[in-house]
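Visitor: I should be grateful for a close look at a single part of this protein. Please keep to one residue at the outset and then follow the links that lead away from it.

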Amino acid sequence: MWANFGQLWVNNDIDLTVSVIDTETWAQLATVAMPADLAALGYKPHDVFVGNRFAYQSLLAGTGDYDWVIQYDRTTFQETSRIRVGKDPHLWLDPWSDSLFVATQDGNGVQVFERQGLAIKGRLAQTGAHGLYIPEGTRTLLIADITSNGPDGLHANAINSIGRVTETDVVDTPAPRPVSYTHLRAHETRHD
């Protein structure tokens with residue numbers, strides 16, 4: 001689930017829907033069914049991220065060699081775009097640019113898309129890319145390598161104003177997987 005801009009979006013992986021809830025009144029605004037064609041292929045909701053104009057949902061575990069990211073309008077709750085991505089996708093919106101970062105654990109990388117229309121902007125190679133986080137007030141994209149078992153488990157990537165990575169720093173993590181929020185916070189100012 002993810003809450004932002006007055007809405008909480010909650011994935012319902014058994015019902016193949018997402019519930020949209022008003023964060024002030026707790027009223028349910030909508031129940032959005034995931035695309036029927038992808039549900040028929042066995043895809044299920046996995047991750048969700050809410051932006052100012054759009055919400056994004058990742059779908060996984062279908063019959064294909066890839067997974068999906070679906071873009072929804074936050075006002076109409078209608079699908080506006082979709083894109084195929086690597087397997088096991090996790091999402092993060094860069095608050096400073098128009099970039100949507102999609103980590104794909106089995107795809108060993110982070111794909112970068114434009115927020116509107118999901119046009120591809122680039123790709124960052126990253127073994128076991130799983131968790132994503134941009135600490136508030138920083139220009140640092142943190143990526144957890146779920147396959148590292150600790151050594152080189154956290155990649156801190158400086159991002160510029162158009163969402164491109166300009167520098168990477170790699171550190172060990174104290175636990176095998178995945179990286180804890182506390183450990184992410186300890187490295188959040190590295191590239192300020």
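In which strand is Ser81 found, and what surroundings does Ser81 have there?

Guide: The structure is a predicted model, in which local features need pLDDT of at least 70 and side-chain atom pairs count only at pLDDT 80 or more, while totals for chains, interfaces and linings use all residues. Residues are numbered from 1 along each chain as its sequence is written, and side-chain values use heavy atoms, with hydrogens and water left out.

Ser81 belongs to strand β8, which covers residues 79-85. Helices (H or I, at least four residues) and strands (E, at least two) are DSSP runs, numbered from the N terminus. The relative accessible area of Ser81 is 14%, so this residue is buried. Here buried means under 20% relative accessible area, exposed means over 50%, and partly exposed means in between, with a 1.4 Å probe and protein chains only.

Beyond its neighbours within four places in sequence, Ser81 is in contact with Val69, Ile70, Gln71, Gly117 and Leu118; contact means heavy atoms within 4.5 Å. With Gly117 there is a specific approach: a polar atom of the Ser81 side chain lies 3.2 Å from the backbone oxygen of Gly117. Leu118 is 37 residues from Ser81 along the chain, yet their C-alpha atoms are separated by 6.9 Å.

Leu118 deserves attention in its own right. This residue is found in the loop between β11 (109-114) and β12 (120-125), and it counts as buried because its relative accessibility is 2%. Leu118 is not a glycine, but its phi is positive, at about 60°. Trp26 also has a positive phi without being a glycine, in this case about 65°. Trp26 lies in the loop between β3 (17-22) and β4 (28-33), and its relative accessibility of 58% is why it counts as exposed.

We return to strand β8 for the residue that follows Ser81 in numbering. Arg82 forms a salt bridge with Asp37, and the closest N and O atoms are 2.8 Å apart. This pair links distant parts of the chain, since Arg82 is in strand β8 and Asp37 is in helix α1 (residues 36-40), 45 residues apart. A salt bridge is a side-chain nitrogen of Lys or Arg within 4 Å of a carboxyl oxygen of Asp or Glu. The side chain of Arg82 also meets that of Glu79 in a salt bridge, at 2.8 Å from N to O. Asp37, Glu79 and Arg82 are thus linked in a network of salt bridges. Each of the three is partly exposed: Arg82 at 27%, Asp37 at 42% and Glu79 at 33%.

The whole structure holds three salt bridges. One of them joins the side chains of Asp67 and Lys87, at 3.2 Å from N to O. Asp67 is in strand β7 (residues 67-73) and Lys87 is in the loop between β8 and β9 (89-93), so that this pair, 20 residues apart, links distant parts of the chain. Asp67 counts as buried, because its relative accessibility is 1%.

Val69, one of the contacts of Ser81, leads to the interior. In soluble globular proteins, nonpolar side chains tend to be buried together. A nonpolar core is a set of buried Ala, Val, Leu, Ile, Met, Phe, Trp, Tyr and Cys residues joined through side-chain atoms within 4.5 Å. The largest one here has 24 residues, and those with the most contacts inside it are Tyr56, Val69, Leu100, Val110 and Leu132. At least two residues of this core come from each of β6 (54-60), β9, β10 (99-104), β11, β13 (129-133) and β14 (140-145). Strand β10 gives the most, with four residues.

Tyr56 connects this core with the surroundings of Ser81. Among the contacts of Tyr56 outside its neighbours within four places in sequence are Val69, Ile70, Gln71 and Leu118, and these four residues are also among the contacts of Ser81. A second, separate core of 16 residues includes Trp9, Val20, Ala30 and Val50.

Terms used: A polar contact is a pair of N or O atoms within 3.5 Å; within protein, one must be able to donate a hydrogen and the other to accept it, and residues adjacent in sequence count only if both atoms are side-chain atoms.
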